[in-house]
Structures are given as C-alpha cells and as structure tokens.
Amino acid sequence: MTSGQLPVDLWLDARDGRLFVGSYAPLRLGIGPESGLTLDDLDITVPDGLAGGLVSMARGPRFDAARPEVMLLAGHTPGTYRVMVTDRNSGSVVGETSYEVVGHWPEEEQGPAQWFSGRQPAATTGAAWGGGDPDAPQNHDVFPALGVRRVAVVFVDTASRRYTTDPVEMQAHRDRWLDEIVRGVKGPDGVIRSSAAWFREVSYGNFDLTAEAFGPVQLPGTFTDYFEESGESKGRFKGNFAQECITAADSLIDYARFDTVLLVSQSVPAAGTDPARSAWPYASVGGRGPFTTSDGHRILGIVSMPNEWGTTDDREIHESFSHELGHNLGLFDQYTPAVPGRNVGSWDIMDWDDPLPHPTLVHRMMLGWVPADWLRRLNFADGSPVDQTVTLSPVEGGAPAPGTYAGIEIRIADGYNYYLEYRNGEAPDIGDRRLPADNRVVGTDVTAPEQAPVSRPQILLLRSDGDDSGPVLGNGGVYTETDHSDPLFPTDFSISVSGIDGTKADVHIRYGVSGCPDPSIRPWPASPQRPWQSPDIEVRNARSDADPTWLNVPWLEHANTVVARVRNRGDVNAPGVRVDFYVKDYNIGGAPEFYIGSDTRTVPVGAPVEFSTVWVPPKKGGHFCVVARIPLYVVPSALSVVERTELNNQAQSNYDRFIASTASPSTRETTSCTVTNPYRQRARVFVVAAQSNPLYRTFVEHTWLWLNAGETRRIGLMFEYAPDPDASTLPPDIALRQDDVEEYRWVSNRVSVHSQIEDPTDERHHHVGILGGAQAEVTTGRATRIDDFEVRGPRAAGTVVAVGTGDRVDGGKVIVTVDGEGTGPESYTYRTVPVRDGAFEAAVPEGWRAVRADFLPPTGSAPSAAGWVRAGGERRG
C-alpha cells in the first residue's frame with residue numbers, strides 16, 4: 001500500500017497489507033527527489049501506539065540510503081492502523097499508509113515471523129545433568145519449581161460449537177475446572193483431591209498453584225481451523241492456536257499475573273457423516289513464546305485440554321492437568337519410547353497419570369524439592385568397593401527421620417546414575433494410593449536427556465534378567481547385575497532389602513572394584529547464562545587472549561584453538577583416548593558435521609586433561625557449532641576392557657556474538673540458524689527464543705514450521721538495540737521499562753533460541769522433545785572506525801574515531817595481525833597495543849608481507865577493523 005500524492009511513498013512487504021499480531025515486515029520508502037528529504041529528516045510512527053505496533057529505524061547490513069527500508073512491527077490488537085511519516089523539521093505529514101493486524105494465521109506449513117522486546121527468561125528444558133562432582137548429587141535443581149504457579153484457565157470455542165449462553169451452566173463449567181485444579185473435588189471415596197493439593201504434597205509444601213477462570217472467548221473459525229485431526233477424533237492444535245487464544249482473551253487477562261495458560265476448548269459432537277472432534281491434552285515443555293500481549297511480551301507455559309475431559313472415561317482433570325503442568329515445569333514424557341518391562345508406568349505421573357502417582361525421586365530432585373542432604377550418595381565411579389546398609393524413610397513423608405535418607409544416588413558414571421527410593425502411600429496423602437505394589441523399594445536407571453529422537457526415556461526401572469526379584473523390592477527382595485567392564489574380573493553389584501515396616505526400609509548395597517576407565521565430557525549447559533554451551537569446550541584465539549570477553553567466539557580467517565576438557569571418572573588410567581572435533585552450522589537442532597581434527601592423550605584418573613585442535617573458520621558462514629566426541633573407548637593394551645559408559649562421550653556448543661552499534665540510528669544485526677527433522681516422517685518444530693536485556697529487540701523468521709523427513713531449513717534471526725542514543729524519547733516498547741535504561745545500557749544481551757519437535761511416531765503427537773539450542777551474545781556500543789592505518793618504517797599506526805562525530809576514542813586495545821610468511825593464518829603473529837586518545841602503534845617485524853588492525857573496544861564503543869595493508873602500500877579486504 002502506498003501513500004498516494006505525498007512526497008514519500010510507502011510499500012509494505014506483507015501479503016494484502018496484513019500482519020499477524022506480533023510479527024514484522026519491511027516497509028520500503030520512496031522519497032521524491034524534489035522534496036529534498038532524506039530518511040534522517042523523517043519520523044515514522046504508528047499513531048495508535050503499541051496496539052497497532054511501531055516502526056524500527058535500525059539499519060540492517062544491506063541498508064541502501066537511496067532506497068531506504070525500515071521495519072514495521074505489528075502490535076497486539078487486531079485492527080486497521082496507519083503508519084504516518086512526518087518531516088522532522090516542519091512537522092508536516094509527508095507520507096502515510098494503512099495496514100491491518102490480524103488475529104488468525106491461515107498458513108499450514110510455517111508460522112509467522114515474531115519480534116519481541118523485554119526481558120524473557122531463557123528456557124531450561126533439556127538441561128544436562130550437570131557436574132561430575134562426586135560429593136554432590138546430579139540431576140539436582142535442574143529446573144527448580146518453587147513458590148506459586150499462577151494458572152489462567154481460558155475457555156475458548158469455535159464457530160463449530162459455542163459454549164452455552166446460560167450463565168448458570170457456564171459457571172458450572174468454570175467451577176468444575178477450578179475445583180479440579182485448586183479448590184478440590186470430592187471423589188466417591190470421600191477424599192478431596194486437586195492438582196494444587198497434589199503439588200503441595202509431592203513438593204513437601206515448596207510448590208503450589210492458584211487459578212482464575214476467564215471466558216468463554218470466541219474464535220471466529222471452525223474447529224478444524226484451529227485443530228488438526230488425528231486418531232480417534234482427537235486433534236492437536238495448529239501452530240498459532242495459543243497466540244490466537246491469548247489475543248482473543250487479551251482484553252480480559254493481565255498476562256503479567258500468570259505463568260501458565262490452560263486453554264479449555266469446546267468439543268464438537270458427531271453430526272451426520274461428520275465425526276466427533278475433540279482436542280487431545282497437549283502441553284509445551286517449559287514455556288513457549290514470547291507471546292504478544294497488551295501487557296508486553298510473555299513466555300508462558302501452554303496447556304490445552306477439552307472441556308469434556310473427565311466426563312467420558314475415568315481419567316480426571318486433576319490427574320491429567322498435573323501431568324501436563326509437569327511438562328510446563330520442564331519434565332518429559334516417560335512412557336515413550338516403550339522399553340518392555342522397564343518403563344516406570346504408575347511409579348511416575350509423567351508416565352501414567354490415571355492412578356495419580358507421585359513423581360519418582362529424580363523428578364523431585366530436578367524440580368528442587370529434595371535437598372541434597374536428604375540423599376545418600378554412593379560413587380561406583382571412584383574405584384572404591386561398597387558394602388554397606390542404608391536405611392530409607394518413605395519418600396512421601398518428606399524430611400527423612402534421623403539416621404535415614406529419602407533416597408540413594410549411585411553414581412555409575414558422569415550423567416548416568418541409579419536411584420533407590422522407598423515408596424509407601426498412606427493417608428492422608430492423595431497420591432501414591434494405587435501404586436503397582438505398595439511398601440516397596442524402587443530402583444531406577446537415569447541418564448542425561450537426549451536430543452530428539454530419543455533412544456530411551458530418561459528414567460527407566462533397573463534392568464532385570466529374570467534371575468532376581470527385579471527393580472521393585474519388598475522384604476527379602478534381591479536385585480543383582482554383573483559389571484563386565486573388565487571381562488577378566490567381572491564385578492557383582494547387588495541390592496538386598498529387609499526391615500520394611502511402613503516407616504523404613506533397610507537397603508544393603510554391595511559392589512566390588514570394576515577396574516575400568518570412564519573418559520567423559522559434559523554436555524550443555526555451562527551455566528544459566530550459557531544454556532546451550534558445554535562447560536568443557538572452549539574456543540581460544542589471539543583476540544580472546546587480548547580480551548577475555550571474546551572467549552568462545554571464533555575469529556574468522558584466524559587460527560583458533562578448540563579445546564575439550566576430558567575427565568576420567570573411572571578407577572584406572574585411560575591411555576590413548578582420542579577426541580574428534582567437528583563443526584557444523586549454527587543450529588537449533590541437527591546439521592551436517594565437518595571434521596576439523598583430532599587429538600590423542602592419556603587421561604589419568606581425576607584431574608581434567610585438555611585436548612585441542614587448530615581450526616581456521618572461513619569468512620563465509622561466520623556462525624558455528626563446535627562438537628567434541630570421544631569414540632567408544634577401549635584400553636589399547638587390553639581390548640576386552642571397555643569404558644564404563646559411552647553416554648557421556650559427546651558435547652557441543654553453539655557460538656555467536658554480535659555488536660549492535662549505536663550510531664544514530666542503531667544497526668540491526670542478522671544471522672540464521674539451521675534446524676533439521678531427524679525423523680523418517682514429517683514433523684512439526686516450534687522455535688522458542690528468549691533474551692536477557694530489556695533494551696533490545698529480537699526477531700525470529702518463523703515461530704514454527706513443518707519439516708519433511710530429514711529436511712533442513714534455515715531460520716533467520718535479527719537483533720537490535722532499541723533506544724536511539726541521539727533521540728530525546730524512548731521507543732514506545734522500551735518506554736514501558738524506563739527504569740531499566742541506566743541499569744542495562746551497557747549490559748550484554750544473551751539471546752537463547754531452541755527448538756522443540758513433536759514426535760511423529762506418537763499417534764496423537766503429544767510427545768514433544770528438544771532438538772537443540774543456540775545462544776548469541778549481543779552487545780552494543782557507539783560505532784567506530786579505524787582511520788589512517790598504515791605502516792611507517794618499523795611501526796604500524798592508526799587512529800580510532802567514533803562514527804558520526806569523528807571524536808577520538810580513548811581506551812581499548814588494537815590487535816595488529818602480521819602475515820610474515822604468506823603461508824596462511826596459522827603462521828600469523830600478533831601485537832596487542834593500547835589505544836590512547838584514539839591513537840595506537842605497534843612494532844612490525846622486518847620482512848612483513850601484510851598487516852591489519854582490529855579494535856577491541858572499551859565499554860560504550862563498538863569494535864572495528866582496518867583491512868590488510870600489503871608491503872608496498874596495496875590494500876586488501
């Protein structure tokens with residue numbers, strides 16, 4: 001759409017001038033040459049404010065002043081809006097156009113673009129088991145769930161069937177759901193149950209729920225506009241259903257007051273040849289979004305359930321909602337893949353919710369409900385024999401009695417543990433009342449979470465070969481297995497149980513010395529600030545040596561040392577361990593790997609050993625994922641001795657760093673990441689992004705997309721610093737956070753992006769897994785350039801100035817790179833010198849062939865570079 005006869009024409013790059021809520025599209029300007037105007041003379045605004053959106057003036061890497069382009073950011077409320085262009089000097093309107101914000105996304109194959117600002121918490125789903133500290137439990141506080149989770153229950157319907165208009169009947173629906181979730185509902189046995197009561201019980205009072213009901217809100221389309229049909233007339237929602245419901249209810253709800261949104265849909269009965277249609281329960285793993293609301297952008301847990309749930313069979317709302325909310329807290333389904341005789345079944349609500357079991361011990365640990373000192377820790381990985389009795393209190397009872405424990409963690413290897421817990425469900429508990437067998441010690445086998453597709457659930461019952469009592473032990477029960485890591489000296493492991501009396505169980509554990517190594521490397525996260533990087537992988541180079549803030553950022557066209565730290569948690573040394581290094585595209589789930597080198601070393605028991613290779617990243621691409629992998633380790637001198645487990649032999653880290661420089665206006669930095677469908681069937685992938693600094697904006701090309709079997713797609717990402725340093729006012733989305741400006745002005749923005757994929761082998765596509773994630777560090781500073789860089793005699797010198805003003809920049813460092821041999825980056829030498837009042841100089845050795853300079857700025861400035869200067873005065877890029 002254009003502005004007609006005014007001197008500035010506008011073209012919006014959006015189909016029919018329509019933008020989905022919270023999406024974005026380029027807005028191109030045609031400025032009549034006779035007007036004498038330039039883009040810097042113009043203010044471009046949306047008069048109706050954030051309901052309609054705003055315009056970002058940041059400039060992308062391909063900005064062309066002759067054909068300028070800005071970005072129109074859609075707002076939170078559907079409707080028709082105007083973009084107005086005014087002459088900054090005269091205040092007169094010089095251009096305008098209209099556009100429409102819509103609340104329904106009709107495309108089936110891929111989701112809309114998304115922009116967001118504000119501080120959004122990074123997802124912790126799929127977090128690793130953590131350290132290898134033998135004196136601390138693993139799987140502990142992985143994603144703590146403490147305090148109160150606030151649930152908005154939103155009733156939604158479609159044109160296929162509306163909710164009743166009878167206020168009494170509708171209130172009965174609201175009351176039924178609130179009773180099941182928080183207030184309590186009395187069962188046939190007289191016991192009052194609710195999801196909130198169950199969570200208080202299993203968390204020992206550390207976690208609770210509140211809920212409020214809203215609606216019904218009416219979606220304009222039919223049921224199949226929002227839900228897909230699959231198995232038994234049960235459907236899962238389409239990609240943008242959650243945002244469309246959140247938008248429809250936006251006038252009713254302050255989303256800043258809630259953490260989970262439960263969407264209760266109206267089912268459609270069969271009519272003639274049309275089958276009945278209903279939405280099968282579904283939940284996001286962790287949060288989804290950020291969703292666009294009138295209260296800002298919000299990452300929210302999403303649960304979808306049909307209103308009729310609990311009326312057609314014996315599965316109750318409070319049971320199933322507790323399971324679905326477990327997903328919002330970060331827990332995965334444990335019923336798939338099926339492992340005969342080993343899935344935990346009714347021992348854990350994340351496998352089977354109908355009997356309302358408690359979570360297993362390790363799930364309580366992950367959620368932060370079991371203090372470390374409630375656990376007895378045994379470490380088979382340290383080579384010490386074990387022969388002792390541990391007394392367990394019932395895990396349902398909370399704090400164990402003096403001299404007893406709530407559970408036992410047996411460290412088999414880093415990231416691989418056995419857990420033993422004593423289960424005894426008794427009144428007044430509402431959970432664990434229909435266990436497969438009561439008054440039993442249950443043994444589970446727990447590994448680090450895998451990227452989809454998973455080969456096994458994270459939690460399984462211990463393996464039994466049929467010659468013992470199995471993994472569920474009563475009085476006199478015995479579990480045995482043999483460790484064949486050293487075939488010449490196999491080691492027996494046994495658990496025997498006695499003294500069960502309803503208040504305790506005595507567990508006797510025996511294990512000999514296995515005599516095997518276990519080289520290992522830790523997967524992500526390195527820390528809450530580095531959720532998609534391994535703590536055991538580093539990328540080092542001359543730039544990071546000069547300024548540690550550049551650690552783990554590959555330097556393109558320079559030699560980088562890729563380091564992997566390997567620990568041996570076994571009980572014998574490991575000679576001849578090999579680490580293979582690979583790189584692949586910056587990705588959030590799957591990408592082809594390219595081999596870059598190997599290193600072989602001896603890893604003694606205990607201290608870490610660094611393995612390394614040298615890698616020169618190409619200029620093209622620029623954004624990478626580094627992988628370190630230990631092939632299955634076998635002792636070279638004893639080929640029958642194999643490492644304890646290979647489940648801890650691989651780690652990877654995604655690396656990226658951007659500078660959104662703040663010349664007026666700021667720059668918009670762009671990149672892309674790849675995502676691959678690893679399944680043999682078509683599957684849907686959701687993309688979830690978050691950021692740490694409220695002064696930035698992040699842009700995601702698609703919020704979800706369908707991928708064919710094995711298909712790889714590239715998804716665009718953009719980042720910008722929102723405030724204009726030369727403007728007297730803040731952008732409207734940042735003005736909401738006025739108090740954050742000084743605190744966050746020079747703080748890096750940590751952007752996290754990860755993908756979730758629905759398992760296409762699951763009939764109802766309820767099972768969601770993590771494909772992978774990436775992170776980017778985005779910093780800001782005044783744009784700079786290096787002027788007058790040249791070599792004069794034995795010294796290279798230049799001046800660093802601010803773009804726009806030409807003022808000299810004081811502080812920071814310059815790395816002068818010297819190509820002295822002409823044999824490539826691995827022979828470069830470096831000189832690091834300070835910048836004082838803008839000036840720098842460095843000694844250059846005789847016989848140099850070419851030199852270049854890279855400015856590493858102080859806080860408040862952006863980096864810059866001067867290209868290669870060849871001996872004789874020739875310049876190259």
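A residue counts as buried when its relative accessible area is under 20%, as exposed when that area is over 50%, and as partly exposed in between (1.4 Å probe, protein chains only). The structure is a predicted model, in which local features need pLDDT of at least 70 and side-chain atom pairs count only at pLDDT 80 or more, while totals for chains, interfaces and linings use all residues. Residues are numbered from 1 along each chain as its sequence is written, and side-chain values use heavy atoms, with hydrogens and water left out. This briefing covers cysteines and salt bridges.

**Cysteines**

- The model has zero disulfides, a disulfide being a pair of cysteine sulfur atoms within 2.5 Å.
- Cys-625 takes part in no disulfide, and its nearest cysteine sulfur belongs to Cys-673, 11 Å away.
- Seen from the other side, the cysteine sulfur closest to that of Cys-673 is in Cys-625, and the 11 Å between them is too far for a bond.
- Cys-625 is buried, with a relative accessible area of 0%.
- Cys-673 is also buried, at 1% relative accessibility.

**Salt bridges: the count**

- There are 51 salt bridges in the model, where a salt bridge is a side-chain nitrogen of Lys or Arg within 4 Å of a carboxyl oxygen of Asp or Glu.

**Arg-682 and Glu-109**

- These two residues form a salt bridge, and their closest N and O atoms are 2.9 Å apart.
- Arg-682 lies in the loop between strands S40 (668–676) and S41 (683–691), and Glu-109 in the loop between strands S8 (93–102) and S9 (114–117), so the salt bridge ties together parts that are 573 residues apart in sequence.
- Strands (E, at least two residues) and helices (H or I, at least four) are DSSP runs numbered from the N terminus.
- Arg-682 is partly exposed at 35% relative accessibility, and Glu-109 is partly exposed at 40%.

**Asp-580 and Arg-578**

- The side chains of Asp-580 and Arg-578 form a salt bridge of 2.8 Å, N to O.
- Asp-580 is buried, with a relative accessible area of 7%, whereas Arg-578 is partly exposed, at 38%.

**Asp-585 and Arg-714**

- Asp-585 and Arg-714 meet through their side chains in a salt bridge (2.8 Å, N to O).
- Asp-585 is in strand S34 (residues 574–585) and Arg-714 in strand S44 (residues 712–721), so this pair links parts 129 residues apart in sequence.
- Asp-585 has a relative accessible area of 29% and is partly exposed, and Arg-714 is partly exposed at 44%.

**A network**

- Glu-396, Glu-421, Arg-423 and Asp-432 are joined into one network by salt bridges that share partners.
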